[in-house]
Amino acid sequence: MAVDREEFKQLLRDKGLKVTNQRLSVLEAIASCPEEHLTAEEIFALVKVDCPEIGLATVYRTIQLLNELHLIDRINFDDGFVRYEMGSAPNREQKHHHHHLICMKCGKVISFRDDLLEELEEKIAATTGFSVVNHEVKLYGYCATCKVNLDLEET
């Protein structure tokens, strides 16, 4: 996923924030791994290649800023790590985040984009007046490879 550098620079300016190479590098590093769920340390390692002077604290601060700007999403897969991925910017059409399938054996995370809860959200709004603006779905089970291995172990 490519980052629109000019759009990002303008967003920072509109918020009264400085445009820095470090901020651009962190966003581009995350965008370069669209199907990955990166830890701050993994982002740091990616950025360090092109920006060797950057410090881990700068990466953490930048991640926090990008999250507050809704450019990246913060995810917790209950594995002891906080992870990040490209988010849906406020001006994009995507209403909800994509969801995750988490293998309980190997830890593999598979993303999927199907909003199966839309009907439920409409029913909630109709019956309670509550307006759902977002949700997060994590389904735990076994990936295809682990499922086959588990089936073999049982026989």
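Which residue stands opposite F112 in β4? Keep that in mind while we walk through the model, which is a predicted one; the answer comes when we reach the sheet.

**Stop 1: the whole protein**

Start with everything shown as a cartoon. You should find six helices and five strands. Trace the chain from its beginning and the elements come in the pattern α-α-α-α-β-β-β-β-α-β-α. The C-alpha atoms fill a box of roughly 55 × 45 × 25 Å along the principal axes. Of the 155 residues, 34% count as buried. Now think about contacts between residues at least 6 apart in sequence: 52% of these join residues at least 24 apart.

**Stop 2: helix α2**

Select residues 21-31, which make up helix α2. This helix is mostly covered, with eight of its eleven residues buried. Colour them if you like: R23, L24, S25, V26, L27, A29, I30 and A31. What do these buried residues pack against? Show α1 (5-14), α3, α4 (56-68), β1 (72-76) and β2 (82-86), and you have the neighbours on screen.

**Stop 3: where α2 meets α3**

Keep α2 and add helix α3, residues 40-50. Two packed helices are described by the angle between their axes and the distance between the axes. Here the angle is about 115 degrees and the axes are 9 Å apart. That makes α2 roughly perpendicular to α3, because angles of 65 to 115 degrees are placed in that class. The crossing of the two helices is right-handed.

Next, show side chains. From α2, pick S25, V26, A29 and I30; from α3, pick I43, L46 and V47; these are the residues that meet. Sorted by class, the contact has six nonpolar residues, one polar residue and no charged ones.

An α-helix has 3.6 residues a turn, so residues three or four places apart point the same way. Look at the α2 side of the contact, where S25, V26, A29 and I30 take part, with that spacing in mind.

**Stop 4: two loops with a positive phi**

Move on to H70, in the loop between α4 and β1. Its phi is near 65 degrees, a positive value in a residue other than glycine. H70 is partly exposed, with a relative accessible area of 47%.

Then select D78, in the loop between β1 and β2. This residue is not a glycine either, yet its phi is positive, at about 60 degrees. Is D78 buried or exposed? D78 is exposed, with a relative accessible area of 56%.

**Stop 5: the hairpin of β3 and β4**

Select residues 99-103 for β3 and 109-112 for β4. The two strands pair in the antiparallel sense over four bridges. Here is the answer to the opening question: H99 stands opposite F112. Another pair to click on is L101 with its bridge partner I110 in β4. Five residues lie between the strands of this hairpin, and G107 takes a positive phi near 85 degrees.

**Stop 6: the open sheet**

Finally, add β5, residues 138-141. Three strands now form an open sheet with mixed pairing, in the order β4-β3-β5. Which strands stand at the edges? They are β4 and β5, each with a single partner strand, so one side of each is left without a neighbour in the sheet. Ignoring direction, neighbouring strands of this sheet are turned by 20 degrees against each other on average. As you rotate the view, remember that in a regular strand the side chains alternate between the two faces of the sheet.

Methods. Residues are numbered from 1 along each chain as its sequence is written. This is a predicted model: local features need pLDDT of at least 70, side-chain atom pairs count only at pLDDT 80 or more; totals for chains, interfaces and linings use all residues. Side-chain values use heavy atoms; hydrogens and water are left out. Axes are lines fitted to C-alpha atoms, for helices over the stretch in contact, and angles run from 0 to 180 degrees between N-to-C directions. Angles under 35 degrees count as roughly parallel, over 145 as roughly antiparallel, 65 to 115 as roughly perpendicular and the rest as oblique. A crossing is left-handed if the near helix is turned anticlockwise from the far one by less than a right angle, and right-handed if clockwise. Contact means heavy atoms within 4.5 Å. Ala, Val, Leu, Ile, Met, Phe, Trp, Tyr, Cys and Pro count as nonpolar, Asp, Glu, Lys and Arg as charged, and the others, Gly among them, as polar. Two strands pair if DSSP finds at least two bridges between them. Buried means under 20% relative accessible area, exposed over 50%, partly exposed in between (1.4 Å probe, protein chains only).
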